[in-house]
Every structure is written in structure tokens, then in C-alpha cells.
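Reader: I should like to understand this protein step by step. May we look at it together?

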Amino acid sequence: MELTSLQTILFIFLVSLYLYIFFLRPKSKKTTLMASESSRSSAASPISSATATASLTGALVSSLAAPPTPPYSAALERILLTDFLGKGIFNTDGELWRIQRKTASYEFNTKSLRNFVMENVYVELHTRLIPILESAARTDRVLDVQDILERFAFDNICKVAFNVDPGCLGGDGTAGGEFMQAFEDAATLSSVHEFADKIIRTRLEEKAEKKDEDLLSRFIANSENSAEFLRDIVISFILAGRDTTSAALSWFFWLLSTRPDVEERILQELENIRRQNGKSIGEIYSFDELREMHYLHAAISEAMRLYPPVPVDTKACKDDDILPDGTVIGKNWFISYHTYAMGRMESIWGEDCCEFKPERWIENGICKQESPFKYPVFHAGPRMCLGKDMAYIQMKSIAASVLERFGMDVLLENGKSPEPLLSLTLRMKGGLPVRVKERLVRA
């Protein structure tokens with residue numbers, strides 16, 4: 001009798017909750033449209049106040065990212081990260097965005113910045129990452145590769161943005177840094193701003209001393225930019241660069257552990273490049289040599305197809321719009337396209353869409369480029385990632401230098417796959433524990 005009464009009460013509660021949510025609760029003026037789907041069908045359903053699902057295709061992404069008159073804005077970041085990003089490039093639209101984009105676009109295409117990036121990657125690799133891996137191999141210490149790569153990426157992006165070294169990968173790879181920790185917790189927002197403001201004030205006072213390599217120095221050259229404006233710009237680029245490459249490489253190294261044949265092909269490619277250029281293991285790879293690593297480039301791109309660092313992109317519709325498949329989007333609705341879902345759609349990538357297959361990128365021995373609307377890992381249209389080339393330089397440099405020296409035994413329970421952890425980027429829950437082994441030098 002008691003059990004029956006409990007079931008009755010529970011049933012009444014659930015019915016009341018349903019009626020409240022769908023009929024009695026005041027409707028929000030802002031409605032969410034989730035543009036994600038399996039490759040088989042599209043559907044619409046009244047989830048929440050109003051949620052719809054549209055057919056996810058390259059045409060849909062194109063209509064969101066690069067329409068003739070953009071009705072969509074980068075509103076998710078504005079809502080969630082306004083205090084953090086301020087008026088930085090990822091949090092603005094219109095003229096303010098165009099000014100930042102124009103300046104940043106020019107700077108990201110300069111040879112001097114590219115050389116500065118390569119120099120910083122090389123120093124971080126050979127003075128910190130490689131020694132940490134060598135020590136771990138000698139002592140049989142288990143490393144969390146995801147954590148190591150995040151520290152590497154944070155050190156590197158801070159040097160590129162500020163020309164300041166936080167030293168998060170110093171010592172045995174477990175060194176801390178107040179600035180890095182502040183990025184982990186929105187509650188310490190003041191620490192991020194204080195750190196950035198202190199550097200900017202110092203740099204503004206040193207205008208007479210020429211420091212033009214890092215991004216901050218390049219934006220300081222415009223005397224119209226305020227200290228707050230400079231802070232917002234630089235923090236935006238740090239946020240974009242700190243976790244994206246590390247997330248991509250973490251999934252890449254895990255996928256390689258499941259496919260020794262792919263790893264062997266990468267090692268063969270590296271060996272051929274060294275022989276052709278008369279280099280030994282440990283010598284720095286030049287920019288042109290990195291460009292010759294077509295199979296490595298394909299393997300990294302394939303890893304990001306399956307595990308994109310930014311798996312979801314959300315926009316806000318400023319005016320009523322109709323998508324290519326006929327789906328109506330209302331003013332003030334949110335619309336999200338799921339890069340993660342797109343990478344697993346047969347209609348886009350074929351029947352083997354869920355297979356890790358770098359060969360799909362190779363054509364006549366060259367790694368081909370896919371349309372950014374089919375492969376929006378770096379976004380597409382006017383807001384396409386400015387740091388794409390810089391990201392590939394960093395990822396290929398790390399992957400090549402690590403793989404030719406070390407093998408990694410992934411230590412997941414019973415060979416399980418890592419569990420995705422969705423934050424601003426697609427990370428691994430619990431990290432990626434590995435045991436490192438030094439390779440025998442290949443002839």
C-alpha cells in the first residue's frame with residue numbers, strides 16, 4: 001500500500017512538472033535552435049521553450065558563417081564570457097570586430113610572427129618537454145599527457161601574446177602558475193585581469209624600447225588602443241590558444257595508441273624528411289620541412305575531425321532567417337552547429353566516417369584541404385581562425401619531436417576509450433595517463 005501511494009505521488013509530481021514546463025511557465029523571449037543531427041534524418045520537437053533540429057550540412061554551416069548579410073552574431077561568448085573577454089575579438093561584432101580582425105589578420109600573416117612562434121615552440125620543446133619525457137622514461141613515471149600538453153600550450157601562447165613566460169612546464173612538468181590557474185576558474189577572474197594589466201602597464205611605460213615580436217607589442221603600436229582594450233584582445237587570444245592545440249594533440253596521441261600502423265607511417269615520413277635534408281633526430285625542423293609532413297598533417301586533421309577541440313559553435317540570430325533546408329529561425333533564437341556530429345555523419349564523410357583514417361586526406365601523396373564548411377574545426381567564413389597555421393606549426397613540431405624519440409603506452413582501464421569532457425574545449429575526463437619509453441634510434 002505504501003509503495004502504491006509513493007508511485008501515485010511521483011506520477012502526479014511528474015505530470016504537474018510537465019504541465020508547468022510546457023504550458024504554464026512564462027516563455028523566454030530567446031529561443032534555442034540546436035542544429036545537430038545524425039546523418040539519417042532531421043526533425044523538430046518542442047523541447048524546452050522551443051528547440052528544433054535541422055539537417056546539418058555544409059550549406060547550413062555556410063549560411064551561418066558566411067552569408068552575404070550576416071544575421072548571426074557570436075552571442076554565446078558574449079553571454080557567458082563578457083566579464084572575462086570584454087571587447088576582445090571573439091566577443092564583438094560590427095566595426096569593433098572588423099578593426100581587431102584587420103589588425104590581427106595582418107599580423108598573423110607576417111613572417112616575423114611565424115618565426116617568433118617557431119622559435120618559442122622549439123625552446124619549449126627542447127628545454128622543457130623533451131627533458132620531462134626523458135626523465136619520465138628513465139624513472140618509469142606515469143605522466144598525464146593532457147596536463148603536460150596544456151602546460152606547454154599555455155607557456156607558448158603567453159609568450160606569443162605577451163612575450164612573458166609563466167613557466168608552467170618548468171621543472172618536472174608540475175609547476176604551477178597563478179595566471180594559468182586563474183584561467184581554470186572563473187571565480188579568479190580578477191587574477192587574470194591583474195596579471196594582464198600589470199604587463200600592459202609595464203609595456204606601455206617602455207614604449208621607447210622596441211619590442212615588436214609578440215601580439216601585445218603589435219597592438220600597442222596603435223596609440224589609439226586603451227589599456228583595457230589591449231587586455232581584452234590579448235586575453236581573447238590566450239583563451240583561444242591555451243586549450244585547443246593541447247586538446248587536439250591529446251586525442252591524437254590516444255588515437256595513435258590504437259593504430260600502430262598509422263604511427264609507423266608517420267615515423268617513416270619523418271625518417272625520409274631527415275634523410276633528404278641531412279638531419280639527425282633532435283635537430284629543429286624548419287618551416288619548409290614541417291610543410292613536407294603531409295601524412296602527419298593528415299593524421300592530426302583526422303584526429304580533429306573525430307575530436308574537434310571546439311565541438312559546438314553557437315550563434316544568435318539577429319533577424320528572422322530561413323536555413324537552406326527550409327527550417328525557420330526566429331529573431332533572438334540561438335542556433336548551434338555541432339562540429340563533433342558533422343565528423344561522424346555518413347552523408348558528409350562516407351560509410352567509414354567513424355574510422356580514424358588519415359588516408360582520406362591524402363591525394364597523390366599530398367594532404368588535401370577540405371572546405372571549411374565541411375570541416376569547420378577552425379570555423380569558417382569571416383571568423384575563420386586566424387591562428388590555424390600557427391596551430392599546425394605547434395602541433396606538428398610537438399608530434400614530430402615526441403614521436404621520433406618516444407613511444408607511449410596509454411594506461412586506461414581495460415583499454416577503454418577516454419571519456420570526453422565538454423568545457424570550452426573537448427578535453428579528456430581524468431586526463432590521459434601514459435608510460436613513456438625511449439625509442440631505439442632508427443637507422
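Reader: Is Cys353 buried or exposed?

Author: The model shown here is a predicted one. Residues under 20% relative accessible area are classed as buried. Cys353 has a relative accessibility of 3%, so this cysteine counts as buried.

Reader: Why does Cys353 form no disulfide with Cys354?

Author: A disulfide requires two cysteine sulfur atoms within 2.5 Å of each other. The closest cysteine sulfur to that of Cys353 belongs to Cys354, and this distance is too far for a bond because it amounts to 4.0 Å.

Reader: How many disulfides are counted by this rule?

Author: The pair Cys353 and Cys354 is too far apart for a bond. By the rule of sulfur atoms within 2.5 Å, the count of disulfides is zero.

Reader: Is Cys385 buried, partly exposed or exposed?

Author: The class between buried and exposed runs from 20% to 50% relative accessible area. The value for Cys385 is 34%, so this residue is partly exposed.

Reader: In what order do the three strands of the open sheet stand?

Author: The pairing in this sheet is antiparallel. Strands β5 (142-144) and β12 (406-410) are the edges, each pairing on one side only. The order is therefore β5-β15-β12.

Reader: Which residue in β15 stands opposite Val142?

Author: Strand β5 is joined by three bridges to β15 (residues 433-438), and the two run antiparallel. Opposite Val142 stands a residue of β15, namely Arg435.

Reader: Which helix lies across β5, β12 and β15?

Author: The helix in question comprises residues 145-162. It runs at about 55° to β5, and its name is α6.

Note on methods
Residues numbered from 1 in each chain as written. Predicted model: local features only at pLDDT ≥ 70, side-chain atom pairs only at ≥ 80, totals over all residues. Heavy atoms only, no water. Helix = DSSP H or I, 4+ residues; strand = E, 2+ residues; numbered from the N terminus. Contact = heavy atoms within 4.5 Å. Axes fitted to C-alpha atoms, helices over the stretch in contact; angles between N-to-C directions. Buried < 20%, exposed > 50% of the residue type's maximum accessible area, 1.4 Å probe, protein only.
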